[in-house]
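Here are a few notes to help you find your way around this model. Please keep the structure open beside you as you read.

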Amino acid sequence: MIVVALLLGALALWGASRLVWFAEFRDGGVRGTLLHTEKGDQRAVSLVPLAILALAGIAGVVATGGWARRVLGVLLVLAGAAGVWAAIDGVRFGGYADGLPVSQMLIGRGLAALGGILVAAGGLAAIKGAGSAVRLGARYSAPGAKRKARDPDTELWEALSEGEDPTANR
């Protein structure tokens with residue numbers, strides 16, 4: 001669930017950076033009135049780096065556990081809050097001139113807000129499940145401790161894997 005939230009959040013932030021966030025008509029002199037637009041990555045330059053951070057957070061959540069996952073979760077919550085802030089900073093809901101791509105501007109900001117919320121939710125889930133979730137390489141975290149084998153055949157194969165002769169004790 002954490003990975004899905006972070007992946008969807010990263011995709012939403014990146015997608016919002018590709019949409020128009022600002023548009024206005026400008027005087028083009030001899031050419032007349034021109035439509036000037038700015039995409040999300042021009043208006044809020046933090047969108048793409050936040051999307052990349054969310055993708056890196058996926059690897060971090062999978063690879064870490066315990067306090068390191070909690071620290072990463074806090075970082076992801078802050079990144080999500082930054083994404084939401086970028087979405088709501090300077091948004092207007094009225095007063096647009098006719099002919100501007102208003103729906104695309106509002107969808108872009110909404111998508112960024114959704115991405116920020118998903119990244120923050122993934123960070124909160126990482127914090128909450130830091131102690132109980134399995135991490136990468138957890139099977140090999142205690143090499144000195146021997147596990148009890150489930151059946152005798154498995155015990156023989158594990159002894160061979162560890163470089164011991166299983167027939168020497170019999």
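1. Let's begin with the aromatic rings. In this predicted model, the search for aromatic pairs gives a count of 0. One ring does have a charged neighbour, though: Arg43 lies over the face of Phe22, at 4.0 Å from the ring centre. Both residues will come up again below, so please keep them in view.

2. Now for the overall plan. The protein chain has 170 residues, and its secondary structure comes to 6 helices and 2 strands. Starting at the N terminus, the order of elements is α-β-β-α-α-α-α-α. When you trace the chain, you will therefore meet a helix, then two strands, then a run of helices.

3. How much of the chain is buried? Of its residues, 31% count as buried. The exposed surface of the chain is about 10,700 Å², and 64% of that is supplied by carbon and sulfur atoms. As for the contacts with a separation of 6 or more, residues 24 or more positions apart account for 64% of them.

4. The two strands deserve a closer look. Strand β1 covers residues 20–27 and runs antiparallel to β2, with 7 bridges joining them. As an example of the pairing, Glu24 has His36 in β2 as its bridge partner. The hairpin has 5 residues between the strands, and in it Gly29 takes a positive phi near 70 degrees.

5. Next, please find Glu38, which sits in strand β2, residues 33–39. Is Glu38 buried or exposed? Its relative accessible area is 17%, which is under the 20% limit, so Glu38 counts as buried. The side chain of Glu38 makes a polar contact with the side chain of Arg43, at 3.1 Å. Leaving aside residues up to four places away in sequence, Glu38 touches Leu19, Val20, Trp21, Phe22 and Arg43. Arg43 is thus a shared neighbour here: Glu38 contacts the Arg43 side chain, and Arg43 lies over the face of Phe22.

6. Arg109 brings a helix into the picture, as its place is in α5. At 9% relative accessibility, Arg109 counts as buried because the limit is 20%. Among the residues that Arg109 touches, beyond those up to four places away in sequence, are Trp21 and Arg43; Glu38 touches Trp21 and Arg43 too. Other contacts of Arg109 include Ala86, Ala87, Asp89, Gly90 and Val91. Arg109 and Gly83 are 26 residues apart in sequence, and their C-alpha atoms are 9.7 Å apart.

7. Another arginine to visit is Arg69, in helix α4, residues 67–88. With a relative accessible area of 2%, Arg69 is buried, since the value falls under 20%. What lies 2.5 Å from a polar atom of the Arg69 side chain? The backbone oxygen of Val61 does.

8. Finally, try a residue in a loop. Ser132 is found between α5 (102–128) and α6 (152–161). Its relative accessibility is 65%, so Ser132 counts as exposed, the limit being over 50%. Gly65 is 67 residues away from Ser132 along the chain, yet the C-alpha atoms of these two residues are separated by 8.5 Å.

How values were computed. Residues numbered from 1 in each chain as written. Predicted model: local features only at pLDDT ≥ 70, side-chain atom pairs only at ≥ 80, totals over all residues. Heavy atoms only, no water. Helix = DSSP H or I, 4+ residues; strand = E, 2+ residues; numbered from the N terminus. Buried < 20%, exposed > 50% of the residue type's maximum accessible area, 1.4 Å probe, protein only. Polar contact = N/O pair within 3.5 Å; in protein donor to acceptor, adjacent residues only side chain to side chain. Contact = heavy atoms within 4.5 Å. Pairing = 2+ DSSP bridges. Areas by Shrake-Rupley, 256 points an atom, 1.4 Å probe, with all protein chains shown as cover. Phe/Tyr/Trp six-rings, centres within 6.5 Å; stacked < 30°, edge-to-face > 60°. Lys NZ or Arg CZ within 6 Å of the ring centre and 35° of its normal.
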